[in-house]
Amino acid sequence: MFSGFPLFPERASTVAGEVDALYFFLVGLSAFFALLIAGMVLFFAIRYRRRSPSERPQAVHGSLALELTWTLIPLGIVVFIFIWSAQVFFGMSRVPKNPMEINVVGKRWMWKVQHLTGQREINELHIPVGVPVKLTLTSEDVIHSFYVPAFRVKKDALPGRYAATWFQATKPGRYHLFCAEYCGTKHSGMIGWVTAMEPAEFQAWLAGGAPGVVPAVAGERLFHELNCVTCHQADAGARGPDLAGLFGSTVRLQGGGTVVADELYIRESIVTPTAKVVEGYQPIMPTFTGMVSEDQILSLLAYIQSLKAPETKAAPPPAAGALDPKAQDVTKP
Ligand code: CUA
């Protein structure tokens, strides 16, 4: 209904309708009460005005019924709003099963996109319609925010963290992409386009153009170039823990305690290796802060995620802890 109205963005994702319904409800509700209160102020000012200098108003006494009314009605309304918006929020936060995964790195002042099939884009994002797309967002420097109004999607990209968001485009088109967090001089120029295409067209787009290197393969290459491989080996007596089957497992740490090996833990272990040392190993790994870009860390992550635990090998003591059931879900190339 607002497709021709320039102040309102198009609806091009599965959640757009729900977000708009809630938005219009809130605007309507606020308008209703604003008019009601303004009208009553005016009405009472006239109806109960002082008619003669000798007129004295009657003293006002409390009324339980009145107080309950103006407490319970607003309470009901805000609880209704809370339940409705929580439902919308959870729907937007829970990533559906088997999404198409794309990595996005914000950097002053551009968006760097990496498809798991190897394609890379800058300030452009090509996606198929009708497929849930999960974005893993991070930042190379300061906080940015990935904002596509037509999809009603906005998520901060934070340095040193991984944030996930998802959307499913409903119709083909070119949609504006903005940075919605002030990030410096050219913040306003940190814009781009999301192109939603029919799945067949998208496959053709993937096939054309320079095929990049699949992140897991790029990660493996880096693993050798950075000499990670010299310490992280499967042999007993290796200086670093074997990384096969690491992702999603529970790791025992030096000095007690455990940690689940998720994206953030692995990232931390690359940039600040001494933060959490695996039980039975020395804190001898050098830091890679400043030596690897966020892009490269994402590639290393993809590689480490692709390393499955060998079937028959006796598990080394650190990995003997209960395997996180989520580890079985990980289907990365
Ligand atoms: Cu990036 Cu504003």
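## Packing of helices H1 and H2

Helices H1 and H2 cross with a left-handed sense. The model described here is a predicted one. H1 covers residues 16–47 and H2 covers residues 64–93, and their axes come within 10 Å, crossing at roughly 160°. Since angles over 145 degrees count as roughly antiparallel, H1 and H2 are therefore roughly antiparallel to each other.

On the H1 side, the contact is formed by Glu 18, Val 19, Ala 21, Leu 22, Phe 25, Leu 26, Leu 29 and Phe 33. Their partners in H2 are Ile 77, Phe 80, Ile 81, Trp 84, Ser 85, Val 88 and Met 92. Sorted by class, the residues of this contact comprise 13 nonpolar, one polar and one charged.

## Packing of helices H5 and H6

A second helix pair is formed by H5 and H6, the latter spanning residues 294–306; their axes lie 10 Å apart and they pack at an angle of about 120°. An angle of this kind falls outside the parallel, perpendicular and antiparallel ranges, so H5 and H6 are oblique to each other. Their crossing is right-handed.

H5 contributes Glu 263, Ile 266, Arg 267, Ile 270 and Val 271 to the contact, while H6 contributes Glu 294, Ile 297, Leu 300, Leu 301, Ile 304 and Gln 305. This contact of H5 with H6 holds seven nonpolar residues, one polar residue and three charged residues.

## Glu 263 in helix H5

Glu 263 belongs to helix H5, which runs over residues 263–271. Its relative accessibility is 26%, and Glu 263 accordingly counts as partly exposed. Residues up to four places away in sequence being left out, Glu 263 touches Tyr 162, Phe 247, Leu 301 and Gln 305. Leu 301 and Gln 305 also appear among the H6 residues in the contact of the two helices.

The C-alpha atom of Glu 263 is separated by 11 Å from that of Thr 138, although these residues are 125 residues apart along the chain.

## Ser 13 ahead of helix H1

Ser 13 lies in the segment before H1. With a relative accessibility of 6%, Ser 13 counts as buried, because the cut-off for that class is under 20%. Apart from residues up to four places away in sequence, Ser 13 touches Ala 150, Phe 151, Gln 168, Ala 169 and Thr 170.

## Trp 166 in strand E8

Trp 166 is part of strand E8, residues 163–167. A relative accessible area of 11% makes Trp 166 buried. Setting aside neighbours within four places in sequence, the contacts of Trp 166 include Thr 14, Pro 132, Val 133, Lys 134 and Val 153. Trp 166 is also in contact with Gly 91, Met 92, Ser 93, Arg 94, Val 95 and Pro 96. One of these, Met 92, also takes part in the contact of H2 with H1.

Phe 151, which is among the residues touched by Ser 13, stands 15 residues from Trp 166 in sequence, and the C-alpha atoms of Phe 151 and Trp 166 are 9.8 Å apart in space.

## Backbone features in the loops

The peptide bond leading from Arg 108 to Trp 109 is cis, with omega near 0°. Trp 109 is located in the loop that joins strand E1 (100–107) to strand E2 (110–115).

Asn 123 shows a positive phi, near 55°, in a residue other than glycine. Asn 123 is placed in the loop between strand E3 (120–122) and strand E4 (124–128). Arg 152 is likewise not a glycine and has a positive phi of about 55°. The loop holding Arg 152 lies between strand E6 (144–148) and strand E7 (153–157). Arg 152 counts as buried, at 12% relative accessibility.

## Cysteines and the absence of disulfides

How many disulfides does the structure hold? The number is zero. The reason can be followed from Cys 228, whose closest cysteine sulfur is that of Cys 231, at 8.9 Å and therefore too far for a bond. The same distance applies from Cys 231, for which the closest cysteine sulfur is in Cys 228, 8.9 Å away. A disulfide needs two cysteine sulfur atoms within 2.5 Å. Cys 228 counts as buried, its relative accessibility being 15%.

How values were computed
Residues numbered from 1 in each chain as written. Predicted model: local features only at pLDDT ≥ 70, side-chain atom pairs only at ≥ 80, totals over all residues. Heavy atoms only, no water. Buried < 20%, exposed > 50% of the residue type's maximum accessible area, 1.4 Å probe, protein only. Axes fitted to C-alpha atoms, helices over the stretch in contact; angles between N-to-C directions. Helix = DSSP H or I, 4+ residues; strand = E, 2+ residues; numbered from the N terminus. Parallel < 35°, antiparallel > 145°, perpendicular 65-115°, else oblique. Left-handed = near helix turned anticlockwise from the far one by under 90°. Contact = heavy atoms within 4.5 Å. Nonpolar A, V, L, I, M, F, W, Y, C, P; charged D, E, K, R; others polar.
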